[in-house]
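The exercises that follow are meant to be worked with the sequence and the model side by side. Try each task before reading its solution.

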Amino acid sequence: MNLRTSLVVLGVAALLGFLTWGLVTSGDSNLAQGEPLPSATLPTLPPGGEASIEDFRGEWVLVNVWASWCVPCRDESPALERFEKANRDSISVLGVDTRDLSGDAMDFLDEYDINYAQIRDASGDYADDLKTTGVPESFLVDPEGNLVAHYSGPFETEEQIEEFAAPALRAGAAKDPAG
Amino acid sequence: MRRLVALALVLTLAFGGMASAAEPQASLPQLEDEVMCPICGTLLGLSRAPAAERERVFIRQQIKAGKTEDEIKDALVAEYGPQVLALPDDEGINFFAYLVPVLVFIIAALAILYSVIRWRRNKEGEPTTGTPPSAPNGAEDRLDKDMAKYDL
């Protein structure tokens, strides 16, 4: 085998090696349950502060990734608002507004009277960290910050949200049997 | 005096023209080719996604407000982050996005130049006369014998 042939073979082998490495390291398409939810400190909505999932350590949290241009979010967010009001002793809701215009997001919150905590993921990097494939998507996070459940797509009813958040509601009921 | 007025007029027009050339009027079709859709991973001009339509509305509002192209891009970066620009800025590691193609071009040009010089040198080294190559040892004798044998 002459030098030129050796170089071609070496080049092809290197290319195949890179492709294999890319496939092997691409990882799972979803976050693993029981693992800590990725965290990022992001601006709040309305603007003026910063927050992250770490600020909710010690509480159950339902993280909801949404955007004002997302049509199903227009039904889901008011349902989440009602759910949060009814169950705020057991669980917090954190909205993550992603790849959205800040003005549009504020108009959305005003129009649908959404009052639970919000952070703004302008670039979509945090949504990528959460391995979302679209909006809306929701994550149930335990008081230790670990992922308990993941839901892709919109919740159609409050009952669906309650079913998704059942571990948090059960824990809340066990802590306060009278409530 | 008349000459001074004419000179002032010419200078005003010239500098006015330069100023307008430095800050061209922003247009949606131009910006659609220079910024990305926030969710599609394509140029804004190629997308009809709802998020892309909202981005277009935002750009139209900025144009209507008299913003220049650079000001609109800055506003888009403030809204969506630097990924919204189709071309990365030339600072930090992003500088390599501009440096690497230039280096590849220079290396390729040098490789072609080297190959051409080598090819021309080889060509110059070749014999230029039309002298036929000499036959191997004994071949001429064998040919003479064969010709005599067959009386050619």
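Two strands count as paired if DSSP finds at least two bridges between them, and the elements themselves are DSSP runs, with helices (H or I) of at least four residues and strands (E) of at least two, numbered from the N terminus. This is a predicted model, in which local features need pLDDT of at least 70 and side-chain atom pairs count only at pLDDT 80 or more, while totals for chains, interfaces and linings use all residues. Residues are numbered from 1 along each chain as its sequence is written, and chains are lettered from A, and ligands numbered from 1, in the order in which they are written.

**Exercise 1. Find which residue of E5(A) stands opposite A:Gly95, and place the two strands in their sheet.**

Step one is the residue pair: A:Gly95 stands opposite A:Gln118 in E5(A), and A:Leu94 has A:Ala117 as its bridge partner in that strand. Step two is the strand pair, where strand E4 (residues 91–98) of chain A runs parallel to E5(A) over five bridges. Step three is the sheet, an open one of five strands in the order E5-E4-E3-E6-E7 (chain A) with mixed pairing. Its edges are strand E5 (117–121) and strand E7 (147–152) of chain A, each of which pairs on one side only. Neighbouring strands of this sheet are turned by 20° against each other on average, direction ignored, where axes are lines fitted to C-alpha atoms, for helices over the stretch in contact, and angles run from 0 to 180 degrees between N-to-C directions.

**Exercise 2. Decide whether E5(A) is mostly covered or mostly open.**

Begin with the cut-offs: a residue is buried if 20 or more other C-beta atoms, placed from the backbone, lie within 10 Å of its own, exposed if 12 or fewer do, and partly exposed in between. By this count four of the five residues of E5(A) are buried, and the strand is mostly covered. For chain A as a whole, buried residues make up 35% of the 179 residues.

**Exercise 3. Describe how E6(A) and E7(A) are joined.**

First take the pairing, in which strand E6 (residues 137–141) of chain A and E7(A) are antiparallel over five bridges, with A:Ser138 opposite A:Tyr151. Then take the link: the two strands form a hairpin with five residues between them, and A:Gly145 in the turn has a positive phi of about 90°.

**Exercise 4. Compare the radius of gyration of chain A with that of a compact globule.**

The radius is taken over C-alpha atoms, and the globule rule is 2.2 Å times the number of residues to the power 0.38. For 179 residues a compact globule would come near 16 Å, whereas chain A has 21 Å. As a further step, the C-alpha trace of chain A spans about 85 × 40 × 30 Å along its principal axes.

**Exercise 5. Explain why B:Glu140 counts as exposed, and describe its surroundings.**

B:Glu140 counts as exposed because it has 11 C-beta neighbours inside 10 Å. The residue belongs to helix H6 (residues 139–149) of chain B, and this helix lies largely in the open because the number buried among its 11 residues is zero. After H6(B) comes B:Asp151, with a positive phi near 55°. Finally, the C-alpha atoms of B:Glu140 and B:Gly66 are separated by 93 Å, with their positions 74 residues apart along the chain.
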